[in-house]
Amino acid sequence: MKKYLSSFVCGFGAGVMQIVPVAKSFSCCLIIPAAAYLSILLDRKSTGSTGRIILSRGLMLGLFTGLYAALFGSIFELLITFITKTNDIVSAFPELHSMISSFPISEELREQIHMMLNNVYDDIKNYGFSWLYSFSVILNNLAVNSIFGSLGGLVGVQIINARINKSGRHN
C-alpha cells in the first residue's frame, strides 16, 4: 500500500472533486489526469527521487490514481444519492424520456428502455438506491477513470522527464 500511497491520496481528492456539480463535467479530461500527474510528483517527493521516471511507473501510478478516484467517486455519488434521494437521472428524467422517444429504434425496445428508466427513477425516489444505477455508476467510473488516469500518468512522466532533461540532471 505504501508504494501507491500517493495514488491513494490523489485518487481520494479526485473522487471528491468528481461529485462537485461544476467540476464533475471536467473530471475525466482534467481532474483525473491532473491527479495522476500530482501522484507522480508526490511519489517522487516521498522517495527523494531526482532522476528520470520509467513509463511503467507513471502508468501504474496513474492507473491506481484512476481506480482510487473511481472507488471514492462512486461511493460518494451513491451515498449522496441515498441521502438526498435525487441525482442527475432524477433531475433530467423528463428530458431522458423525450430523448429516448426520438431515437430511431423499435417501439418494443423503446418501451423496455422507458420501463428500466422508470424503475431506476422510482427506486431512487422511494429508497435512494437502485441496483442498475449503482452498477452503471461503478462500471462507468472504473472504465473512464482508469483510462484517463493511465493517460495522465504517461503524460505526466513525459512532462517530468522533459523538465529533467532540460535542467541537465540525468540520474
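**Exercise 1. Where does Gln 18 lie?** Find its place along the chain, then work out whether Gln 18 is buried or exposed, and list what Gln 18 touches.

*Solution.* Keep in mind that you're looking at a predicted model.

- Step 1: Go to the loop between helix 1 (5-17) and helix 2, and you'll find Gln 18 there.
- Step 2: Check its accessibility. The value is 8%, and the cut-off for buried is under 20%, so Gln 18 counts as buried.
- Step 3: Look for partners, skipping residues up to four places away in sequence. Gln 18 touches Lys 24, Ser 27, Ala 69, Ala 70, Gly 73, Asn 141 and Asn 145.

**Exercise 2. Work out how helix 2 and helix 7 are arranged, and which residues of the two helices meet.**

*Solution.* Start with the axes and finish with the side chains.

- Step 1: Helix 2 covers residues 27-47, and helix 7 covers residues 131-167.
- Step 2: Their axes are 7 Å apart, and the helices pack at an angle of about 50°.
- Step 3: Angles under 35 degrees would be roughly parallel, and 65 to 115 roughly perpendicular. Helix 2 and helix 7 are therefore oblique to each other.
- Step 4: As for handedness, helix 2 passes helix 7 in a right-handed crossing.
- Step 5: On the helix 2 side, the residues that meet helix 7 include Cys 28, Cys 29, Ile 32, Pro 33 and Arg 44. On the helix 7 side, among them are Gly 149, Gly 152, Gly 153, Gly 156 and Arg 163.
- Step 6: Sort the contact by class, and you get 14 nonpolar, five polar and two charged residues.

**Exercise 3. Do the same for helix 2 and helix 3: what is their orientation, and what is the handedness of the crossing?**

*Solution.* The route is familiar from the previous exercise.

- Step 1: The axes come within 9 Å and cross at roughly 125°.
- Step 2: That angle is not over 145, as roughly antiparallel would require, and lies outside the 65 to 115 range for roughly perpendicular. Helix 2 and helix 3 are therefore oblique to each other.
- Step 3: The crossing is right-handed.
- Step 4: From helix 2, Ile 32, Ala 35, Ala 36, Ser 39, Ile 40 and Asp 43 take part. They meet Arg 57, Gly 58, Leu 61, Gly 62, Thr 65, Gly 66 and Ala 69 of helix 3.
- Step 5: By class, that contact has six nonpolar, five polar and two charged residues.

**Exercise 4. Which residues of helix 5 are buried, and what do they pack against?**

*Solution.* Here the trick is to look down the helix axis.

- Step 1: Helix 5 spans residues 93-101, and Phe 93, Leu 96, His 97 and Ile 100 are buried in it.
- Step 2: Seen down the axis, these buried residues fall within an arc of 100°, so they line one face of helix 5.
- Step 3: Their packing partners are helix 4 (88-91) and helix 6 (107-127).
- Step 4: Take helix 6 in more detail. Its axis is 10 Å from that of helix 5, at an angle of about 170°, so the two are roughly antiparallel.
- Step 5: In this contact, Phe 93, Leu 96, His 97, Ile 100 and Ser 101 come from helix 5, while helix 6 brings Arg 110, Ile 113, His 114, Leu 117, Asn 118 and Tyr 121.
- Step 6: The class tally is six nonpolar, four polar and one charged.

**Exercise 5. Compare Lys 85 and Asn 87 in the loop between helix 3 and helix 4: is each one buried or partly exposed?**

*Solution.* Take the two residues in turn.

- Step 1: Lys 85 has a relative accessible area of 32%, so Lys 85 is partly exposed.
- Step 2: Now look at the Lys 85 backbone: phi is positive, about 55°, although Lys 85 is not a glycine. For context, most residues other than glycine have a negative phi.
- Step 3: Asn 87 has 6% relative accessibility, so Asn 87 counts as buried.
- Step 4: Beyond residues up to four places away in sequence, Asn 87 touches Glu 77, Thr 81, Ile 124 and Tyr 133.

**Exercise 6. Find what Leu 42 is in contact with, leaving aside its neighbours within four places in sequence.**

*Solution.*

- Step 1: Leu 42 lies in helix 2 and is partly exposed, at 39% relative accessibility.
- Step 2: Its contacts are Ser 6, Val 9 and Cys 10.

Terms used
Residues are numbered from 1 along each chain as its sequence is written. This is a predicted model: local features need pLDDT of at least 70, side-chain atom pairs count only at pLDDT 80 or more; totals for chains, interfaces and linings use all residues. Side-chain values use heavy atoms; hydrogens and water are left out. Buried means under 20% relative accessible area, exposed over 50%, partly exposed in between (1.4 Å probe, protein chains only). Helices (H or I, at least four residues) and strands (E, at least two) are DSSP runs, numbered from the N terminus. The arc is that of the directions from the helix axis to the C-beta atoms. Contact means heavy atoms within 4.5 Å. Axes are lines fitted to C-alpha atoms, for helices over the stretch in contact, and angles run from 0 to 180 degrees between N-to-C directions. A crossing is left-handed if the near helix is turned anticlockwise from the far one by less than a right angle, and right-handed if clockwise. Ala, Val, Leu, Ile, Met, Phe, Trp, Tyr, Cys and Pro count as nonpolar, Asp, Glu, Lys and Arg as charged, and the others, Gly among them, as polar.
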